[in-house]
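Good morning, colleagues. Please take a moment with the sequence and the structure before I go through them.

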Amino acid sequence: MPKETMTAENFQKLDELIIREKETKGALIQVLQKAQDIFGYLPLEVQQKISKGLKIPMSEIYGVVTFYSQFNLEPKGDYLISVCMGTACYVRNAQPILDEISKFTGIKSGETTPDGKFSLLACRCIGACGLAPIITINEDVYGRLVVEDVKEIMEKY
Ligand code: FES
């Protein structure tokens, strides 16, 4: 399972963060980002605390966390696999590569494997189009991929 982050200590940090930023105008995104740094993702309970603390309705918070792809609503796995779906990667067969990784891990984009090992995410251009199609697994970058490469790469993890 992913590391348990819903600890009293982390909630204390969240309280301190909210107190610090309460009076700052337009602090929501920054607070959400920092809260995600603390917990690794943004569970409902954390969103509710932020909503109360900053006096911002839950609907608005939910709108923000679902709009920006940097926010995770579910805990992340030990390995985050990001598949670039930007134009350059897309035209060079990123979709079949994503499908192959889905097949291998049994999860769809946005999901985490039940054992907490892998999370899969389709992401926007990461600015390395010359290497398209490209995936990253945590800090590791794999470019100019073909579907056949997937198995070998996945077996490393
Ligand atoms: S489109 Fe994939 S890196 Fe730019």
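**A helix pair, a sheet and three loops**

I begin with a pair of helices: the axes of α2, residues 28-39, and α3, residues 44-54, come within 11 Å and cross at roughly 145°. The handedness of this α2 and α3 crossing is right-handed. As for the residues involved, α2 contributes Leu28, Val31, Leu32, Ala35 and Phe39, and these meet Val46, Ile50 and Leu54 of α3. By class, the residues of this contact are 8 nonpolar, with no polar and no charged ones. I should say at once that we are looking at a predicted model.

Let me now step back to the chain as a whole. Its secondary structure comes to 7 helices and 4 strands. Read from the N terminus, the order of elements is α-α-α-α-β-α-α-β-β-β-α. The C-alpha trace spans about 50 × 30 × 25 Å along its principal axes. Of the 157 residues in the chain, 41% are buried. The exposed area is about 9,300 Å², and carbon and sulfur atoms supply 53% of that area. Turning to contacts between residues at least 6 apart in sequence, 61% of them join residues at least 24 apart.

I come next to the sheet. In what order do its strands lie? The sheet is open, has 4 strands with mixed pairing, and is ordered β2-β1-β3-β4. Strands β2 and β4, the latter at residues 140-142, stand at the edges with a single partner strand each, so one side of each has no neighbour in the sheet. From one strand to the next, the twist averages 20°.

As a reminder, strands of a sheet pair through backbone hydrogen bonds, in either a parallel or an antiparallel sense. Both senses can be followed here from β1. With β2, strand β1, residues 79-84, pairs in the parallel sense over 6 bridges. Within that pairing, Leu80 has Ser119 of β2 as its bridge partner, and Val83 stands opposite Ala122, also in β2. With β3, by contrast, β1 runs antiparallel, and 3 bridges join the two. There, Ile81 has Ile137 of β3 as its bridge partner.

Is β1 enclosed or open to the outside? Buried residues account for 5 of its 6 positions, so β1 is largely enclosed by the rest of the structure. The cut-off behind that statement is a relative accessible area under 20%.

A helix also belongs to this part of the picture. Returning to the pairing of β1 and β2, which extends over 6 bridges, we find helix α6, residues 94-105, packed on the sheet, where α6 touches β1, β2 and β3. The direction of α6 makes about 155° with that of β1.

I turn finally to the loops, beginning with the one between β2 and β3. Ile126 lies in this loop, with β2 spanning 118-123 and β3 spanning 135-137. Which residues does Ile126 contact, leaving aside its neighbours within four places in sequence? They are Cys84, Ile134 and Thr136. Ile126 is nevertheless partly exposed, because its relative accessible area is 42%, and the partly exposed class runs between 20% and 50%. To place Ile126 against another position, Gly63 is 63 residues away in sequence, and the two C-alpha atoms are 24 Å apart in space.

The loop between β2 and β3 also holds Pro133. The peptide bond that joins Ala132 and Pro133 is cis, with omega at about -5°.

Two further loop residues deserve inspection for their backbone angles. The first topic is Asn93, in the loop between α5, residues 87-91, and α6. Asn93 is not a glycine, yet has a positive phi of about 75°. With a relative accessibility of 47%, Asn93 counts as partly exposed.

Next is Arg144, whose place is in the loop between β4 and α7, residues 149-155. Arg144 likewise is a residue other than glycine with a positive phi, here near 45°. Is Arg144 buried or exposed? Arg144 is exposed, because its relative accessible area is 57%, and the cut-off for that class is over 50%.

To close, I would leave you with two views: the contact of α2 with α3, made up of 8 nonpolar residues, and the open sheet ordered β2-β1-β3-β4. Thank you for your attention.

Notes:
Residues numbered from 1 in each chain as written. Predicted model: local features only at pLDDT ≥ 70, side-chain atom pairs only at ≥ 80, totals over all residues. Heavy atoms only, no water. Axes fitted to C-alpha atoms, helices over the stretch in contact; angles between N-to-C directions. Left-handed = near helix turned anticlockwise from the far one by under 90°. Contact = heavy atoms within 4.5 Å. Nonpolar A, V, L, I, M, F, W, Y, C, P; charged D, E, K, R; others polar. Buried < 20%, exposed > 50% of the residue type's maximum accessible area, 1.4 Å probe, protein only. Pairing = 2+ DSSP bridges. Areas by Shrake-Rupley, 256 points an atom, 1.4 Å probe, with all protein chains shown as cover.
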